Amino acid sequence: MAQTGDGWLWLGTSAGLFRFDGRTFAAHDLLPEDFPGPRVVDDLAASPDGSLWVTYGRSTVVGLAPDGMTVLRPEGLPAEGVGGVAIDGNGRVLATAGEQIFELVGNRWVLCQAPNWALPKGAIDSLVLDADGGIVANTSEGVFHLAPGTTTFARVSGISGAEDEILINGGDGRIWRTRHGALEPVPGVRAGKADAGRGSTIVASDARGGYWSMIQGCVALCLRRDGVNPAKGSMGDTELDVFPRGRDGLTAMTLLSDAAGNVWASGKEGLVRFHPTEVKTVNLGYEAYYFSVVPMGDGTTVVGSDSNWKGDNLLRFSPDGRRLLSDGIRTNTMAQWSEDTVLHVAPSGPLSLLVGDKLVPWSARPPALETAYVQFAMPDGTGRAWVGVQDKGLYVVTPTSWTRMGAGDGFPLPSPRVGEMVGPGHAWFGYVDGKVLAVEHGRAVKGGLYETGLGTVAAILPGSPLLVGGERGIAWFDGRMFHALTPRLPDALRGVTGLARTRDGAVWANGRAGLVHIDAQALADAVRGTNRDVPFRIVTDEDGLAGRAQQSRGLSSLSVDARGQLWAAGALGLATIDPDAVRAPAAVRPVILSVSSEHRGTLTADSATLAPDDNTLGVTFTGLSLTDPAHMQFRYRLKGADDTWRMSEVPGMVKYADLAPGSYQFELQARNTEGDWSPVTTSPTVVRIPAFTETGLFRWLIVAACLVVLFAAYEVRIRMLRKRHIERINAKLAERDRIARELHDSILQGLQAIAIRLSAWEIDTGIPETMRAHVKALSRQMAGIVLEGRARVVALRSVGQGSMSLSDALRLIGEDHQEGSTAAFDLVVLGEETELPDDIQVPVLDILREAVHNAFLHAKAHAIQVTLDFSTTTFKAHVIDDGRGLPVEVRNAGRRPGHWGLVIMRERADGIGASFDITTSPTGTSLRLAVRVPVEKAAGKLRRLV
């Protein structure tokens, strides 16, 4: 066996090399799979630098570097006869092969020989290190000393040669050698501090100075607690601790002291750990169960038991030993009555007082309760006692009476499981339904029944704060309600049946998990709410407790005596513990054992790359703890995948599936029940390469494809809408053309015929003169209607596909009005005429048509001119005549009475956002119109009437 500096315990076996983390053995072969030689491990040696040297089959020496991964295979040793490896205090590595010695230089074994070396005579049987780190070796020719940094084995004087003897570091500053079943000192050489874990032998020293041996008369494995005794047969004394004991079997072969103070014994049956403990089993002189323990003010402790079928005794323990008080008496329960008196309850008969060492009857039971089981008895300090009787109720007992307390007194009907006085006249009672009841001066406190949430309440501890323990843990009282304590490991406080406070304010709880220690500061932090993850220490049956806490009958499983010693009642016996000597657990070292992927297996490089189809990672981890491997906690996360830490109470393997492309690194921390989180241990960085479908290019291509599809869909939609719009526009244009044709072919032709007939009547002399005047007026009015109708037809046919231009439409309207009129009409186009949008051209034509029509019919003008000015973004029109202008009343009113032409013209201009202005005088009228044309609409080319 050997222990390296990183905490691993290494075992060499006939089946190869194994390592142990405190919980699990795992094979860890350093030889390649195709190695042809033997794999049995003959020797292990750990170096101060953290490396490990393994001797396989007396033929091959292989090293494991301090990083725990790099394997070293130096060459230069003989092919057989290799005895093992020795390492001095400065890390110099030597190997023996027969009577030859080799030194490791670089990565090669170099034979140590004259003249550079002065070697010992004979083969080396065993060796140890001195106080300076030098090597002390035994051979058949004597004992030799190799000082650090030298190459000379100097013979130690004063001690003769002895073959096949063993050198021992006795832990007392001296080096001993076995000799004829005894030990003899090696003179002139001081032993150094025993280096824990360097390598196993047949003797060992523990952290308390104890001497472990398999020789000097020891038939198996023996411990002398006071250290080395060199006398022959000294390890066969009857007062020593001898293993195996009882039914346990161990054929010890080698021993190793580790860095934590444990002693490991390897044997054919397996591996056994012995570790220092302050737990001492209480010897009652008989096998007993179900203990009642009452510490007394004088430093003694009274102990009773109720083992049913066994003979039980009443005992008093003191530093001087135990004393029998009463033989053959069973104890249901006990309680301290006064400083030197105990209230004792047997399964039947009267309640008694233990005064001094004598039991005195105190109160006879009622006949109905003669054999009823008493769960607890609690003196109230006034000469009375509260007594809880299973299934019978709660009683106030005096020497002469038993008075039952019931619902009328404010007490629940079920009998309480436990009771505890917390001050003069003040008591608390706990029930199986998880409730506790406050009592003052013999009466239940109104509103004093509280829910704890603990299940069966089995322990009550007075103090600040008041604590109660039960099936589900511990709760503290804030004066209004109870709050659960949350330990760092959730199950640590299950099944609490005993609570105690020690002098330092720490709270101890005995439960199914073991004896738990919560220091005063941790409890205060929990009460203040600053720490909801309460740290603790724990002592278990592996530390020497006699089983887990007793769980039945309402008996308290924990007491503290006047000397501050804890008495813990377990399922298998009674034990005492010195609370001041319970050590904090050693720190846990987190270890990432392996990182693997589905396709590549174990990833061993500093960084690894995964193929696109390899998206699963598995990480195996553990925590190194050779002192308390059962109580550790882990948290881990995979950077790149986890946003928060994940918690675990056991080592093992975690898997991550469906990992996205990116970089990942596993982080691990560990802690014990009391310490802080360890520094973060990290794995190599793992990079998963994205598949093409996971790249940014692919995503952009998808986005581009989606945009193309959307654009195509948009274009299709626009074309459909444009087609529908054109169809509707064409339908409207067709309707306009139909109306224009019908107006021209029917209504206007009819009106023209009427106008011709009126003209004929106008010159008919057969018609009276007065009538001809009316006909003449009617004829002129009909002519205007015809002109207006013809202008409307031109306007209807001036828009749409195949329509005439604006200038052509106005020219046609002007020329039509010019016929039969003395006024001259002229139209001027400035710039290149462009097609106006229909929604602009129609109202513009209507406005200009109305202006031309008014000029011809009402202005009595001699000349009418229309100017059309086309620019890129603005269209302007100017209609001017030299007529008589608008009447004053029309200018003021903005329209002729009964006529709405001017109003409609302004409304049409406002509808297209055009500026509209009319100026008039007796010499003529001017109309100006200007409208902005959208660029994209102004780009259309002029449409000509075909």
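The paragraphs below lead through sheets, hairpins, a helix pair and some backbone features of this structure.

The model is predicted, so that local features need pLDDT of at least 70 and side-chain atom pairs count only at pLDDT 80 or more, whereas totals for chains, interfaces and linings use all residues. Residues are numbered from 1 along each chain as its sequence is written, and side-chain values use heavy atoms, with hydrogens and water left out.

Helices (H or I, at least four residues) and strands (E, at least two) are DSSP runs, numbered from the N terminus, and two strands are said to pair if DSSP finds at least two bridges between them. Strands of a sheet pair through backbone hydrogen bonds, either parallel or antiparallel.

One open sheet consists of four strands in the order β36-β37-β38-β39, with antiparallel pairing. Its edge strands, each of which pairs on one side only, are β36 (374–379) and β39 (402–405). From one strand to the next the twist averages 25 degrees, where axes are lines fitted to C-alpha atoms, for helices over the stretch in contact, and angles run from 0 to 180 degrees between N-to-C directions. Within this sheet, β36 is joined to β37 (residues 385–389) by five bridges, the two strands running antiparallel, and F376 stands opposite G388 in β37.

F376 also appears among the surroundings of T333, a residue of strand β32 (residues 333–338). Contact here means heavy atoms within 4.5 Å; leaving aside neighbours within four places in sequence, T333 is in contact with S292, L343, H344, V345, V374, Q375, F376, A377 and L555. Is T333 buried or exposed? With a relative accessible area of 7%, T333 is buried, the term buried meaning under 20% relative accessible area, exposed over 50%, and partly exposed in between (1.4 Å probe, protein chains only).

S292, one of the contacts of T333, belongs to a covered strand, β28 (residues 291–295), in which five of the five residues are buried. In a regular strand the side chains alternate between the two faces of the sheet. In β28 both faces are covered, with F291, V293 and P295 buried on one side and S292 and V294 buried on the other. Strand β28 pairs with β29 (residues 301–305) in the antiparallel sense over five bridges, and the bridge partner of F291 in β29 is S305. Five residues lie between the strands of this hairpin, in which G299 takes a positive phi near 95 degrees.

A second hairpin is made by β34 (residues 351–355) and β35 (residues 358–363), which pair in the antiparallel sense over five bridges, with V355 opposite K358 in β35. This hairpin has two residues between its strands, and G356 takes a positive phi near 65 degrees.

Another open sheet of four strands has the order β27-β54-β53-β52, again with antiparallel pairing. The edge strands here are β27 (279–281) and β52 (558–560), each pairing on one side only, and the twist averages 25 degrees from one strand to the next. Three bridges join β52 to β53 (residues 566–570), which run antiparallel, and V560 has L566 in β53 as its bridge partner.

Turning to the helices, the axes of α4 (residues 806–818) and α5 (residues 838–858) come within 10 Å and cross at roughly 20 degrees. That makes α4 roughly parallel to α5, since angles under 35 degrees count as roughly parallel, over 145 as roughly antiparallel, 65 to 115 as roughly perpendicular and the rest as oblique. In their contact, L806, A809, L810, I813, G814, H817 and Q818 of α4 meet Q841, V844, L845, L848, R849, V852, H853 and F856 of α5.

Some loops hold backbone features of their own. The peptide bond joining A114 and P115 is cis, with omega about 5 degrees, and P115 lies in the loop between β12 (108–111) and β13 (124–129). A cis bond also leads from S464 to P465, with omega near 0 degrees, where P465 is in the loop between β44 (457–461) and β45 (467–470). Q216, a residue other than glycine, has a positive phi near 60 degrees; Q216 lies in the loop between β21 (211–213) and β22 (221–224) and counts as buried at 4% relative accessibility. D658, likewise not a glycine, has a positive phi of about 55 degrees, but this residue, in the loop between β61 (652–656) and β62 (662–671), is exposed, with a relative accessible area of 66%.
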